[in-house]
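Visitor: I'm new to this one. Could you walk me through a few spots?

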Amino acid sequence: AWSMTAAAADTQDLYVEQVNPESPRQVLDRGRFVDMAVERDGFSVKGRSESFDYDRLYTPHGVVFALDRDRHLAFSIRWSGTEPGTAPELAALTINRATSADEFRSGLARWKMPASEFVFADVDGDVGRQVAALVPRRPGWSGALPVPGEKGQFEWRDWLTADALPHELDPPSGRVVSANGNRARSNRIAAVLGSSEAVGVSSFERLQYDVLSWNAQQIVPLLNRVKVEQQDVERARQRLLNWDRRVSADSEDGRLYVRWEAQLKQDLALRRIPEWLTEAFVARAGDLLIHQIASPSSLWFDGNAQRARDPLLTASLAKAAAATDSARTVTFAHPFAVTEPTRRRFNVGPFPLPGYADTVFATADAGASRAVGPSLRVVMDTGDWDQSKATNAPGQSEAADSLHFRDLANGWAAGQYFQMVFSDEAIKQNTESVLVLSPH
């Protein structure tokens with residue numbers, strides 16, 4: 001059994017290229033100007049009879065994505081995904097045939113794109129974790145910043161092997177954890193798996209629906225050390241201190257906390273980051289900010305770091321307390337649901353939506369009317385495949401008149417799993433009907 005999450009592998013670099021002032025289709029490469037490759041391309045524009053044509057330029061490093069003609073500069077990007085053999089998920093053909101953990105890991109050597117982290121287990125009890133990607137080796141430099149392209153000292157040498165990428169094989173703890181690189185979720189999962197609770201299929205079902213905030217465990221106790229004069233902010237402080245740290249669907253205190261955490265990250269980032277960059281920075285560095293709030297340092301705070309941090313806690317809490325939001329819900333919206341009658345016929349929901357981006361049950365808002373979260377969850381039992389469990393939504397059939405169009409949705413929302421049968425005998429015992437399509 002195996003699954004995959006995203007991995008933050010560094011597979012690209014930005015190059016600043018010197019353009020020949022006398023010939024704008026040439027760039028400097030190790031002391032001489034070389035021609036850029038040119039591809040003619042175009043696209044249709046509504047209302048125009050002719051396509052909009054343009055030239056796509058390539059330096060020896062990769063495609064040019066910007067030009068500064070006044071300073072005779074070209075900006076190119078080199079990406080390992082343009083290398084031969086990097087068709088996305090091509091290695092799935094190999095890993096789907098693996099019959100052991102060793103064969104699976106060997107198959108991952110063929111996996112180039114997208115950069116992914118795999119966890120896997122076999123019937124012999126072997127477990128592992130492996131990042132798989134075509135990651136360049138950069139001798140003498142890190143790839144953290146754009147680099148000049150003309151001198152040749154910032155070139156890729158070769159590729160990191162599987163052993164050089166993050167991995168674990170049969171660790172002493174007997175468990176591996178992967179959560180899209182999310183520190184809060186990973187720490188919460190590790191805490192649950194390291195507890196005295198018996199580990200089995202049912203405990204993993206509960207874990208997949210876990211909405212206890214690891215972040216909240218780190219920063220809510222900090223409110224014990226601050227004093228608040230505003231009555232509404234003091235009430236909010238007391239609510240959070242008495243809160244059970246679970247972002248349940250019906251928890252107003254949980255929603256208050258999510259607002260506070262988001263505001264706290266934003267306000268902290270503003271201390272060092274330009275305002276126009278804070279949203280993008282917070283989206284990528286949320287884990288760093290939580291750590292800096294729990295353990296403040298001079299990196300983000302001047303003078304006595306703890307004393308400087310405490311006013312930030314209350315100021316952001318005041319903003320969160322003044323804001324309001326409603327309980328979150330999710331609806332499985334059908335493309336045909338464009339009128340009220342078709343919405344009643346095709347849409348499934350709404351259902352209460354617990355959690356937020358940093359809980360194990362990870363959900364997020366993607367706009368005013370869209371929620372993002374896991375529609376499929378699977379718990380594989382490698383000791384007895386027929387005891388594996390799953391949830392999915394909204395149903396197995398795409399026909400709106402079928403009993404199976406929406407019959408999985410209520411169980412999905414309630415955290416109720418169904419048996420995911422595997423063996424031929426179990427499939428026969430659980431078959432409701434068979435549809436045979438015979439060509440004429």
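Visitor: Is Arg-245 buried or exposed?

Guide: Arg-245 is buried, with a relative accessible area of 16%. Buried means under 20% relative accessible area, exposed means over 50%, and partly exposed is in between, using a 1.4 Å probe and protein chains only. This is a predicted model: local features need pLDDT of at least 70, side-chain atom pairs count only at pLDDT 80 or more, and totals for chains, interfaces and linings use all residues. Residues are numbered from 1 along each chain as its sequence is written, and side-chain values use heavy atoms, with hydrogens and water left out.

Visitor: Where is Arg-245?

Guide: Arg-245 sits in the loop between helix H6 (231–242) and H7. Helices (H or I, at least four residues) and strands (E, at least two) are DSSP runs, numbered from the N terminus.

Visitor: What about the phi of Arg-245?

Guide: Arg-245 has a positive phi of about 70 degrees, although it is not a glycine. Most residues other than glycine have a negative phi.

Visitor: Which residue in the turn between S7 and S8 has a positive phi?

Guide: That is His-72, with a phi of about 55 degrees. His-72 is partly exposed, at a relative accessible area of 33%. S7 and S8 form a hairpin there, with 4 residues between them.

Visitor: How many bridges hold S7 to S8?

Guide: There are 5 bridges between strand S7 (residues 62–68) and S8, and the two run antiparallel. Two strands pair if DSSP finds at least two bridges between them. Val-64 has Ser-76 in S8 as its bridge partner.

Visitor: Which strand does S2 join?

Guide: Strand S2 (residues 12–20) is joined by 7 bridges to strand S8 (residues 73–79), and the two run antiparallel. Gln-12 stands opposite Trp-79 in S8.

Visitor: New topic. Where are the cis peptide bonds at Pro-114 and Pro-350?

Guide: One joins Met-113 and Pro-114, with omega about -10 degrees. Pro-114 is in the loop between helix H2 (101–108) and strand S9 (116–121). Another runs from Gly-349 to Pro-350, with omega near 5 degrees. Pro-350 is found in strand S14 (residues 348–352). Most peptide bonds are trans.

Visitor: Back to H7. At what angle do H7 and H9 pack?

Guide: Helix H7 (residues 252–269) and helix H9 (residues 305–322) pack at about 130 degrees, with their axes 8 Å apart. Axes are lines fitted to C-alpha atoms, for helices over the stretch in contact, and angles run from 0 to 180 degrees between N-to-C directions. H7 and H9 are therefore oblique to each other. Angles under 35 degrees count as roughly parallel, over 145 as roughly antiparallel, 65 to 115 as roughly perpendicular and the rest as oblique.

Visitor: Which residues meet there, in H7 and H9?

Guide: Among them, Leu-256, Arg-259 and Trp-260 are on the H7 side, and Leu-312, Leu-313 and Ser-316 are on the H9 side. The residues of this contact divide into 9 nonpolar, 2 polar and 3 charged. Here Ala, Val, Leu, Ile, Met, Phe, Trp, Tyr, Cys and Pro count as nonpolar, Asp, Glu, Lys and Arg as charged, and the others, Gly among them, as polar.

Visitor: One last thing. In what order do the strands of the open sheet with S18 come?

Guide: The order is S17-S18-S19, with antiparallel pairing. Strand S17 (377–379) and strand S19 (418–419) stand at the edges, each with a single partner strand, so one side of each has no neighbour in the sheet.

Notes. Contact means heavy atoms within 4.5 Å.
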